[in-house]
Amino acid sequence: MRQTPSGGAGHGTAATDSGLMSIGTVLNVLRDEFPEVTVSKIRFLESEGLIEPQRTPSGYRKFSKGDVERLGHVLRMQRDHYLPLKVIREHLDAMERGEAVQLPALSRQRDGETAPEPSDGPAAARIGRAELLAAAGIGEQELEEWESYGLIAPLPDGAYEAEAATVASLIAELGRFGIEPRHLRVMKAAADREAGLVDQVVAPLKRHRNPQTRAHAEARAKELAGLTVKLHTALVQMALGVRLP
């Protein structure tokens, strides 16, 4: 039986019905530590093979305690060590083989180089263009089209925020339903307005000289972002008269 890094049952292992959780329940469990996690994020990690939840005959995901522990470990490695998914997968596989693996120090990755972090806070996780294309399973032409619509944008040095991989995967998935990138500009505009609203609230804290106050601003921004995502999801569900699994 595969073991998780924390010693629980591995992802995809069997569990009794009473021990299985829906994706909504998993989201509630994880959000205490990871307020920014979303259903889309969990589905993306599943698509990348980092977790393997069971499926009911009707297709609903069911997660064991081991799945949730593994998810938490993946999210923690992304948050605390800014590791790309490929490295996280290799790390987990090595731990499952019983190998002693040491995580790298917090760093800002840039084209294979490592730069030290500023003393007042860690950098955002970053990925290269090739890694983004591989994560989303798309080609250069598709990415260039999405960039032309402003759905994804590179950083000044050509790298991307790690969350761009999630965005790209979702755009690709929506495309399979006939929703074209040009249709998504309204969603990007709405997201930018929501981000602007959050930024207005935390801006005074972010400008403070005290590093602890700036750290509090980041925590507050994450909390507000989580609430706006919940509200957005609820509003869309209410408008459509449906509930997500």
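This guided tour moves through the structure selection by selection, stating what is found at each stop.

**Before selecting anything**

The structure is a predicted model, in which local features need pLDDT of at least 70 and side-chain atom pairs count only at pLDDT 80 or more, while totals for chains, interfaces and linings use all residues. Residues are numbered from 1 along each chain as its sequence is written, and side-chain values use heavy atoms, with hydrogens and water left out.

**The whole chain**

Begin with the entire chain, which has nine helices and six strands. These elements are DSSP runs numbered from the N terminus: helices are H or I runs of at least four residues, and strands are E runs of at least two. The chain exposes about 14,600 Å², of which carbon and sulfur atoms supply 55%; accessible areas come from the Shrake-Rupley method with a 1.4 Å probe, and for residues only the protein chains shown count as cover. Of the 245 residues, 33% are buried. Buried means under 20% relative accessible area, exposed means over 50%, and partly exposed lies in between (1.4 Å probe, protein chains only). Contacts, defined as heavy atoms within 4.5 Å, also deserve attention at this scale: among those between residues at least 6 apart in sequence, 56% join residues at least 24 apart.

**The largest nonpolar core**

Next, select Leu-30, Ile-42, Leu-132 and Ile-152, which touch the most other members of the 40-residue largest nonpolar core. Such a core is a set of buried Ala, Val, Leu, Ile, Met, Phe, Trp, Tyr and Cys residues joined through side-chain atoms within 4.5 Å. At least two residues of this core come from each of helix 1 (23-30), helix 2 (39-47), helix 3 (65-81), helix 4 (85-96), helix 5 (129-136), helix 6 (140-148) and helix 7 (163-175).

Centre the view on Ile-42. Apart from its neighbours within four places in sequence, Ile-42 is in contact with Ile-23, Val-26, Leu-27, Leu-30, Val-37, Ile-51, Phe-63 and Leu-71.

Then move to Ala-165, in helix 7. Ala-165 counts as buried because its relative accessibility is 5%. Its contacts, leaving aside neighbours within four places in sequence, are Phe-44, Ile-127, Leu-132 and Ala-135. The C-alpha atoms of Ala-165 and Leu-132 are 5.5 Å apart, although 33 residues separate the two along the chain.

**Helix 4**

Select helix 4, which has 12 residues and reaches 16 Å from its first C-alpha to its last, close to the 16 Å expected at 1.5 Å a residue. The expected span is 1.5 Å times one less than the number of residues. Colour Leu-85, Ile-88, His-91, Leu-92 and Ala-94, which are buried. The buried residues of this helix pack against helix 2, helix 3 and helix 5. Beyond the helix comes Gly-98, with a positive phi near 85°.

**Salt bridges**

The whole structure contains 11 salt bridges, each a side-chain nitrogen of Lys or Arg within 4 Å of a carboxyl oxygen of Asp or Glu. Three pairs are visited here.

- Select Asp-157 and Arg-126, whose closest N and O atoms are 2.2 Å apart. Asp-157 lies in the loop between helix 6 and strand 6 (160-161) and Arg-126 in strand 5 (residues 126-127), so the pair ties together parts that are 31 residues apart in sequence. Asp-157 is partly exposed at 35% relative accessibility, whereas Arg-126 is buried at 10%.
- Select Glu-140 and Arg-129, whose side chains meet at 3.0 Å, N to O. Glu-140 belongs to helix 6 and Arg-129 to helix 5, 11 residues apart. Glu-140 is partly exposed at 38% relative accessibility, as is Arg-129 at 26%.
- Select Glu-46 and Arg-55, which meet at 3.3 Å, N to O. Glu-46 is buried, with a relative accessible area of 18%, while Arg-55 is partly exposed at 46%. Add Arg-61 to display the network of salt bridges that links Glu-46, Arg-55 and Arg-61.

**Helix 9 and its surface patch**

Finish at helix 9 (residues 211-240), where Met-238 lies. Met-238 is exposed, with a relative accessible area of 65%. Together with Leu-231 and Leu-235, Met-238 forms a nonpolar surface patch of about 340 Å² accessible area. Patches are made of residues with over 30% relative accessible area and no salt bridge, with like charges joined within 9 Å and nonpolar side chains (Val, Leu, Ile, Met, Phe, Trp, Tyr) within 5 Å.

The last selection is Leu-227, also in helix 9, and partly exposed at 46% relative accessible area. Show Glu-36 beside it: the two are 191 residues apart in sequence and 8.9 Å apart in space, C-alpha to C-alpha.
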